[in-house]
Each structure stands twice: as C-alpha cells, then as structure tokens.
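Hello,

Here is the structure I promised to pass on. Please have a look at it first, and then read my notes below.

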Amino acid sequence: MTPNPYLWLVPILPLAGAAVNGFFGRRSSKKAITAVALIFCGAAFCLALLIAASFSSASAPYYFNLAHWLRSGSFQVDFSFYLDQLSLVMLLVVTGVGFLIHIYSVGYMWEDDGYYRFMSYMNLFMFFMLTLVLAKNYLVMFIGWEGVGLASYLLIGFWFTKDSAAAAGKKAFIVNRIGDFGFLIALFLMIKHFGSLDFTRVFAAVQTLPTETAGVGLLTAVGLLLMVGAAGKSAQIPLYVWLPDAMEGPTPVSALIHAATMVTAGVYMVARSSAIFERAPMAMMVVAIIGTLTALFAATIGIAQTDIKKVLAYSTVSQLGYMFMACGVGAFSAGIFHLMTHAFFKGLLFLAAGSVIHGIGGEQDMRKMGGLRQYMPWTFLTMTIATFAIAGFPPFAGFFSKDEILWKAYSSEYGSWVFWLIGVITAFITSFYMFRLWFLTFFGDYRGAAALDPQGHDVHGHAAPGHDDHSHGHGHGEPHESPWVMLGPLVVLAFLSLVGGWIGIGGRFEHFLAPVFQSGAAAELAHATAGEAAGTGTETLLMLISVGAAFLGLFLAWTLYFRRPQLPARIAASLGGLYQAVVHKYYIDELYNLLFVKPLIDGSTEILWHGVDQNVIDATVNNSASAARHISDNARHMQSGNLRSYAGWVAAGGAVVIAYMIWMGVWVR
Amino acid sequence: MFHLILFLFFGVICVAGAVNLLVQSHPINSALSLIAVMASLAVEYLLLGAEFVAAVQVIVYAGAIMVLFVITIMLLNAGKEERSKGSRVAILIGVPGVLIGGVLVAWTLLYRSNMQATVPIGALPGDPADIARLLFHNFLLPFEVTSVLILIAIMGAVVLASRPEAVARAARKDEG
Amino acid sequence: MVPLSYYLVLSGILFVCGVLGFLIKRNIITIFMSIELMLNGVNLSFVAFAAHWQALSGQVFVFFVMVVAAAEAAVGLAIIIAVYRTRETLNVDRVNLLKL
C-alpha cells in the first residue's frame with residue numbers, strides 16, 4: 001500500500017466551498033457564489049483527474065491517514081482514506097458528473113432566492129459522497145453515508161415552505177435511517193468478531209472463515225444486514241418508497257443525488273464488501289433476488305406514470321435493481337460498470353428533463369407536453385441519445401453494461417436463467433416506458449397548458465403548473481431552449497453516454513477492476529474462460545435477444561404513442577383495476593402508512609405523549625407542586641394566631657423531647 | 001414522722017389550690033387560690049430549711065406579685081370567663097402531651113433513679129448571711145444584671161400601661 | 001424524713017397544673033397566673049435538690065427566679081392592660097391578630 005498525501009484534499013475542497021457559501025453566501029453576489037462553488041468543485045475534479053493520471057495498478061491501493069479518531073482498547077478507527085481501482089472509478093464518476101451538474105445548476109437555479117444555499121448544499125453533498133467513496137474503514141464510510149442522507153434531506157426539502165417537499169425530505173431521511181439501522185448492526189457484528197472496521201483487516205479476517213453454504217452464520221448475517229442498509233440508501237424493495245417522493249427537489253438534485261451518485265452508494269458498499277458476500281452465498285442470493293424483483297417491479301410502475309420526473313425516478317429504482325442483481329450473481333465489476341454508464345445516461349435524462357421543464361415554464365406532466373423537438377433541438381438530441389442508451393441499443397453505453405449483467409446473470413455460478421429472463425423482460429419494459437416518455441414529450445402536437453389528458457383518465461399525478469417552482473415569468477408562452485450553461489453539461493454527458501460503454505469491450509473494464517474483487521476474479525476468470533469456450537455462441541444469442549427486447553419496446557411505444565394515440569386509453573380502460581393499481585404504485589405507500597406510520601404515530605401519541613409525557617412526567621412535576629401547595633395549605637393552620645394552640649404545640653413538643661431523652665438515657669443504657 | 005405529716009398536709013393544700021385555680025371561672029378566685037399555693041409552698045421551703053427563701057416567697061411572690069395581679073383584675077373589671085370556641089389543638093394534643101410528659105418524668109424519677117434518699121427536716125439551713133455571702137461574691141454578676149433587668153421592666157411597664165393622652169400631654173409639657 | 005422523690009413529685013404536679021391552666025383557661029390573667037404556678041413548682045424542686053446535695057446555690061437561684069418572675073409579671077400585666085385598651089376583651093381567643 002502506497003501513501004498518497006492528496007487523497008484527503010479531494011473531499012475537503014468541496015467542504016471548504018460549502019462552508020464559504022454557507023457562511024458568506026447570503027450577502028454575496030450570485031457571481032461570487034457561483035465562482036466559489038464551481039472553483040472548489042472543479043478543483044476536486046481536477047485533483048481527481050491528476051490522481052487518476054498518476055494511478056498505477058502496481059502500486060495500488062493507495063491510502064492516507066489523516067488523523068486519529070477512536071482508540072478504545074484494541075479497537076481503533078482513524079480518519080483514513082483509501083484508493084484502489086474501485087474507488088478510482090467511483091471518484092471519477094462522482095467528481096466528473098458532479099461538476100457537470102454544478103455547472104448545470106448555475107443556469108437552472110439562478111433565479112431562485114436560495115441560490116447560495118443550494119450551491120452550499122451541493123458542495124456539502126460532494127464532500128460527504130467523496131468521504132464515502134474514499135473511506136478506508138466502514139466508520140468513515142458511515143460518516144459519508146449519513147452525510148449524503150443529510151444532504152439529500154436538505155436538498156429534497158430545499159423549497160421547504162412547500163409542505164409536500166418538507167414531507168418528502170422527512171420521508172427520505174426516515175426510510176434511510178431504517179436502512180442505516182441494519183448497516184449499524186452489521187458494523188457492530190464486525191467490531192465484535194473482527195475487532196476492526198478497517199477494510200484490509202476485515203477482509204483479511206473474512207478470508208480465514210469458511211464459506212457458509214448452509215446459509216447461516218456470521219458472514220450471512222453481516223451480508224444481509226449490509227443489504228438492508230443498501231436497500232435503504234439505494235431504494236430497493238422494501239425501502240424504495242422515498243425515491244419517487246424525492247422528486248420534489250429541484251431537478252439538478254434529482255440528477256446528482258437520486259440518479260448518479262448517492263443512490264449508487266449502496267451498490268458501491270456491496271461491491272466493496274464483496275469478500276464478505278462471496279463467503280455467504282445465501283446473502284448473495286438474497287441480494288440478487290431483491291435486485292431482480294425491484295427491477296421488474298419499478299419498471300411496471302414506470303409505464304403508467306404521467307409526471308416526467310416520476311418516470312425517471314422509477315427507472316432509477318429499476319436500474320439500481322440491475323446493479324444489485326449483478327452484485328448478487330457475483331458480477332461485481334459488471335454492476336460497477338452499469339453504475340458508471342447509468343450515471344452518465346440517467347444524469348443526462350434528468351438534466352434534459354429539467355431543461356424541458358425549464359423551457360415550458362415549470363410543467364412536469366407529460367400529458368401537457370408534446371412536439372417539443374422543434375422548440376428545443378439540443379435538448380431533444382441529447383435526450384434521444386440518453387433514451388437509446390438506457391434502452392440498451394448498441395453502440396450506446398447502456399447496451400454494454402446491461403448486456404454484461406444479463407450475460408453474467410445467466411452464466412455465473414451464482415446466477416440462473418430465471419434472473420436472466422426477468423432481466424430481459426425488464427429491459428423490454430424499460431425500453432417501452434422510456435420511449436413512451438420520448439414520444440409523449442417530443443412528438444405529436446404541443447398540448448400546452450390546460451390540455452386534457454389524451455387517455456381520458458384523471459390519473460393520479462402531480463400536474464400543477466409551476467410545480468417545479470421554476471416558472472420564469474415567461475408565462476405559458478412559447479416553449480424555448482435552455483441557455484448554454486445548461487446545455488453544455490447535457491452535451492458532455494451525451495458524449496459520455498455514447499462512448500462510455502466502449503471501455504467495457506473486450507473485458508478491459510473488468511480486468512481493470514479485477515484486483516479489487518480478487519477471490520471473485522479468480523472464479524470469474526475460470527468461469528469466463530469456460531463460458532467463453534462453451535458459450536460464445538450462447539452469449540451472442542443472449543445479446544441478440546436483449547437487443548431484440550429493446551427494439552420490441554421501441555416498436556410498442558411507437559405504436560401506442562405515435563401511430564395510434566387513442567389506443568392507450570382503451571387498453572387502460574379494459575384493464576380496469578389492474579391499471580388503477582399500477583397507476584397508484586400498487587398502493588404500497590398506503591400500505592406502509594397503514595401498517596407502520598399510522599400505528600407508530602398513534603402509539604406515540606397515546607403511549608408516549610399522553611401516557612408517559614403527560615401522565616407521568618408532567619404529572620410528577622405538577623403533582624409535586626400541588627402536593628407542596630396542599631401541605632403548606634394544611635400546615636398554615638398551625639399559624640392561627642391563637643395563643644393556646646401555640647402552647648398546645650409547645651407542650652406536645654416538650655413531651656416528645658422528654659420522652660426521647662428518657663428513652664436515650666434510661667433504656668439505651 | 002412529724003415531718004411527713006406536715007409535708008403531706010401542706011402538699012395537699014398546694015395541690016388543692018392548683019386544681020382550684022384550674023377549676024374556678026372567675027379570675028379573682030384563681031388569684032386567691034394561687035396565694036394559698038404560695039403560702040403553703042413557703043411552709044414547704046421552711047421544712048427544707050430555706051428560711052430566707054421562704055420569707056422572700058411570702059414577701060415578694062405572695063405579697064407583691066399577687067397583689068399586682070389582684071389590682072389588675074380589679075382595674076380591668078375582669079368578669080367570669082366566657083365560653084369561646086378556642087383551639088382544638090390545645091386540648092387535643094397539648095393536654096395529653098403534658099400529661100404524658102409529666103408521667104414520664106415522674107416515673108423516671110421515682111423508679112429509675114436513686115432518689116430514695118431522704119431529706120431530713122431543715123436539711124439545709126439557708127440563713128440570710130450565707131445567702132448574702134453567695135449572692136455578693138459568687139453571683140455578683142447575675143445580681144447586677146437582674147437589677148438592670150428590673151429597671152428595664154419598670155420602664156417597660158410604665159410605657160406600656162400609660163394612656164396615649166398622658167404621653168402626649170407629657171410631651172407638650174416638655175416643649176412648652 | 002421525707003424522701004426527696006416526694007418533693008419532686010409535688011413539684012411536678014404543680015408544674016403540670018400550671019401547664020394545664022395555660023392550655024385550658026381563656027382569661028389572659030388566669031393564664032399568667034398559671035405561669036407563676038409553673039415557676040413556683042420549679043422553685044420547689046430547686047430548693048429540694050439544694051437540700052439533697054447540700055448546695056446553697058440552689059436557694060440563691062430560687063432568688064433569681066423570683067426576681068425574674070416579678071419583672072415578667074410587671075411587664076406582662078402592663079401588656080395585658082394595653083391589649084385590653086385596644087381589644088376591649090380579656091379573652092385570649094379574641095386576640096388573634098397574628099393569624100395568617
């Protein structure tokens with residue numbers, strides 16, 4: 001391990017930016033705020049590039065101990081940073097995409113009163129995310145983990161005067177905390193059994209333990225608990241409910257946090273803990289099952305949503321499911337590959353959606369869009385590239401990463417054809433709803449403000465104009481293209497969505513990450529060669545099938561939303577209850593409300609508030625006060641002003657004293 | 001023997017007088033029974049040989065203090081005691097308290113100590129010369145202090161008992 | 001030959017009667033007289049002990065007690081007169097201005 005003294009600077013630079021903007025931003029000019037935010041973030045990006053340039057696999061991994069933290073007996077934790085191939089990939093993705101989105105936010109949030117606050121929070125988020133990614137032990141990672149949750153809360157509820165935004169922020173944070181509980185228990189188990197939270201020590205200790213094929217044991221428990229944490233952070237079943245609500249935040253937030261970086265923290269954590277998972281096959285199976293089910297589940301919800309950001313949100317949940325499926329079948333590098341390409345095209349999708357919303361004065365309901373490709377050519381072009389990427393068309397980025405995952409799901413020793421099949425079906429659905437979005441937004445006639453929804457349903461969705469709180473005072477007039485400060489990042493991300501997948505050709509990416517997933521890599525290599533020998537044919541066949549699924553989705557969307565726009569309404573009507581269930585997200589939120597939220601609130605009100613706080617604590621205080629009053633009320637009667645009663649008390653007291661003295665003097669002796 | 005009879009006789013008078021003081025409703029009757037108590041106490045002192053003390057008892061206590069009481073009763077035209085609600089506490093806990101205290105002390109003194117020693121008649125002759133010797137030698141300071149005390153008491157009594165107009169008239173007479 | 005305890009019992013009876021008078025009687029002057037009775041009872045025990053222990057200072061102390069009783073009686077009666085002037089009553093239950 002080689003020391004690298006610049007590692008700690010990468011997170012600290014955005015922190016400095018956040019501090020400067022946070023303390024001085026209110027009275028600074030917007031130009032100054034912008035400069036501070038972009039310079040510090042950009043500096044982190046440049047530093048990341050320098051580190052990448054000087055990175056050599058021979059001297060990896062790099063580390064740096066910044067300061068002591070905990071020393072408790074034999075247990076110690078320090079503020080240490082770590083850089084290996086996995087961290088390097090994450091580092092470049094986070095700083096790069098983050099920097100682009102910062103530039104975009106300059107244009108998007110310029111008119112907002114809380115501009116300085118937004119930039120400060122974004123920099124703060126970068127700090128925490130980089131801490132998470134560069135951590136050398138689970139506890140520093142947990143700092144980053146919690147910190148990104150905090151930044152997410154602050155940014156989701158950025159327009160905190162709006163009730164729904166504040167509630168969404170709360171929901172995100174609370175659901176995250178449930179996951180964090182699992183994470184913490186896993187950490188405690190690690191401390192107890194391994195005596196350390198440091199990656200190198202934990203993974204070395206794990207190597208000495210046997211593989212738990214029976215599905216019970218310490219490593220399985222740790223793995224499952226880590227998965228609970230990842231499910232919370234990365235919005236998997238059952239803790240995904242916060243992500244669609246998180247769309248209340250400004251679009252750059254959705255792009256950065258809820259597409260490109262924060263939600264991928266769970267995947268990163270699972271990939272980092274690959275040593276643990278590989279020795280706990282049951283946990284891996286659970287990870288794969290959760291990922292696959294989530295992918296399918298979220299995709300089905302996405303086809304009926306009418307808010308453009310909600311479609312993308314469910315799409316994110318679904319794609320994260322793919323990443324977990326990859327990790328669950330042992331293809332960690334494939335999962336990370338998809339994480340990287342997803343950051344490009346999903347970030348781009350959100351930014352482009354933001355550009356669309358910005359251009360039509362704040363409208364987010366797709367039923368009120370249409371035909372926008374004439375008005376916003378650049379947005380249309382970049383979004384098209386992103387849509388083809390996510391659908392999995394070659395030669396765009398998504399094709400390579402998704403195909404890798406599907407192949408590994410089929411061929412890996414932990415995988416099975418069931419995963420592959422569900423993955424292909426989900427790919428078909430993904431392609432369908434993405435192209436549905438594409439057609440509804442950019443083709444047809446502009447259905448402008450106050451247009452009726454062509455499906456004839458009053459579907460549950462957020463349809464208020466100005467919902468993004470972003471209207472420019474242009475009124476509902478002409479839709480227009482966004483300024484270049486916003487289009488620039490779109491173009492860059494579009495380029496990356498195009499070429500980003502080419503890194504994976506020939507297994508170069510997998511080979512680069514191989515030293516990180518050592519134990520897995522050996523098995524991978526063995527299996528890959530076996531797979532290559534026996535199944536190059538199979539692989540090509542499966543590839544063709546998945547591309548075919550993507551085409552099928554495109555064709556279906558074209559039919560329903562371009563050729564015959566009346567058809568969706570009739571299909572929806574004939575499906576009746578099933579359609580309603582899908583539109584209402586399978587009523588999961590209502591179910592959670594009934595099962596967990598309402599009982600908790602009621603229990604808290606009845607038991608804790610009325611029962612404990614009022615009847616015990618308040619009662620104790622109040623009753624001791626009233627007891628004092630009653631006692632003194634009664635004792636007051638001693639002061640009657642009546643001479644004889646005083647004398648009576650004196651006589652009685654005297655008798656007591658005499659009795660006491662006699663007792664002491666006579667009996668005690 | 002004779003000693004015992006004398007003691008008992010005058011002791012009974014003491015107790016009877018004390019009880020009578022409690023029982024009578026008109027204060028003058030209580031005052032007179034108190035005088036009787038004091039007189040028989042003087043005899044008891046004599047039985048113990050305290051001549052000077054007995055004399056002082058009669059002169060000062062029975063002769064001066066009780067006269068003062070009787071004059072005050074006359075002055076204020078005190079009548080029979082009227083019934084008033086009074087204080088329950090005094091009766092309910094004061095009386096039992098003092099009775100219990102008294103019984104305890106008596107019991108302790110009688111059965112738990114060696115007070116069975118007898119005191120012969122005229123045990124300690126306290127003639128004036130001996131008393132004076134003690135008073136002006138060993139107890140000189142208390143003696144002087146009590147004279148100051150009496151002075152203060154006189155002044156206090158005069159001030160407290162005088163009529164307000166009398167004080168005002170005296171003040172005007174001083175100025176004028 | 002009277003045992004010392006007899007004197008002390010007599011003294012105790014007088015004292016108890018004095019306290020009872022203080023508690024039971026309603027006329028202020030009678031209460032004062034009960035105080036004098038208490039003092040007399042105490043005097044008797046002083047003299048008795050002086051005789052028992054052959055210490056003359058017991059009798060000297062009786063002397064002082066009497067002086068103090070005289071002073072107290074004088075001042076107390078003056079107070080009673082002053083109270084009578086303002087409250088027009090000698091009933092101690094009526095003189096309760098100290099009541100809370």
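**Helix α10 and its surroundings**

In chain A, the buried residues of α10(A) pack against α3 (85-108), α4 (115-134), α5 (138-156), α9 (242-245), α14 (308-328) and α15 (332-359); residues count as in contact if their C-beta atoms, placed from the backbone, lie within 7 Å. Please keep in mind that this is a predicted model, in which local features need pLDDT of at least 70 and side-chain atom pairs count only at pLDDT 80 or more, while totals for chains, interfaces and linings use all residues. Residues are numbered from 1 along each chain as its sequence is written, and chains are lettered from A and ligands numbered from 1 in the order in which they are written.

Helices (H or I, at least four residues) and strands (E, at least two) are DSSP runs, numbered from the N terminus. Helix α10 of chain A covers residues 251-260, and 10 of its 10 residues are buried, so the helix is largely enclosed by the rest of the structure. Buried means that 20 or more other C-beta atoms, placed from the backbone, lie within 10 Å of the residue's own. Among these buried residues are A:Val253, A:Leu256, A:Ile257 and A:His258.

How do α10(A) and α15(A) pack? Their axes (lines fitted to C-alpha atoms over the stretch in contact) are 9 Å apart, at an angle of about 165°. That makes the two helices roughly antiparallel, the word for angles over 145 degrees on a scale from 0 to 180 between N-to-C directions. On the α10(A) side the contact includes A:Thr251, A:Pro252 and A:Ala255, and on the α15(A) side A:Lys346, A:Phe350 and A:Ile357 are among the residues taking part. By class, this contact has 9 nonpolar, 4 polar and 1 charged residues. Ala, Val, Leu, Ile, Met, Phe, Trp, Tyr, Cys and Pro count as nonpolar, Asp, Glu, Lys and Arg as charged, and the others, Gly among them, as polar.

**Between the chains**

Chain B gives 73 residues and chain C 62 residues to their contact. On the chain B side, the largest share, 11 residues, comes from α4(B). That side has 54 nonpolar, 14 polar and 5 charged residues.

Strands meet here too: β1(B) and β1(C) (residues 2-3) run antiparallel and are joined by 2 bridges, where pairing takes at least two bridges found by DSSP. B:Val119 stands opposite C:Val2.

Finally, 10 residues of chain C are in contact with 10 residues of chain A. The chain C side has 7 nonpolar, 1 polar and 2 charged residues.

Best wishes

Note on methods:
Buried ≥ 20, exposed ≤ 12 C-beta atoms within 10 Å, placed from the backbone. Contact = placed C-beta atoms within 7 Å. Parallel < 35°, antiparallel > 145°, perpendicular 65-115°, else oblique.
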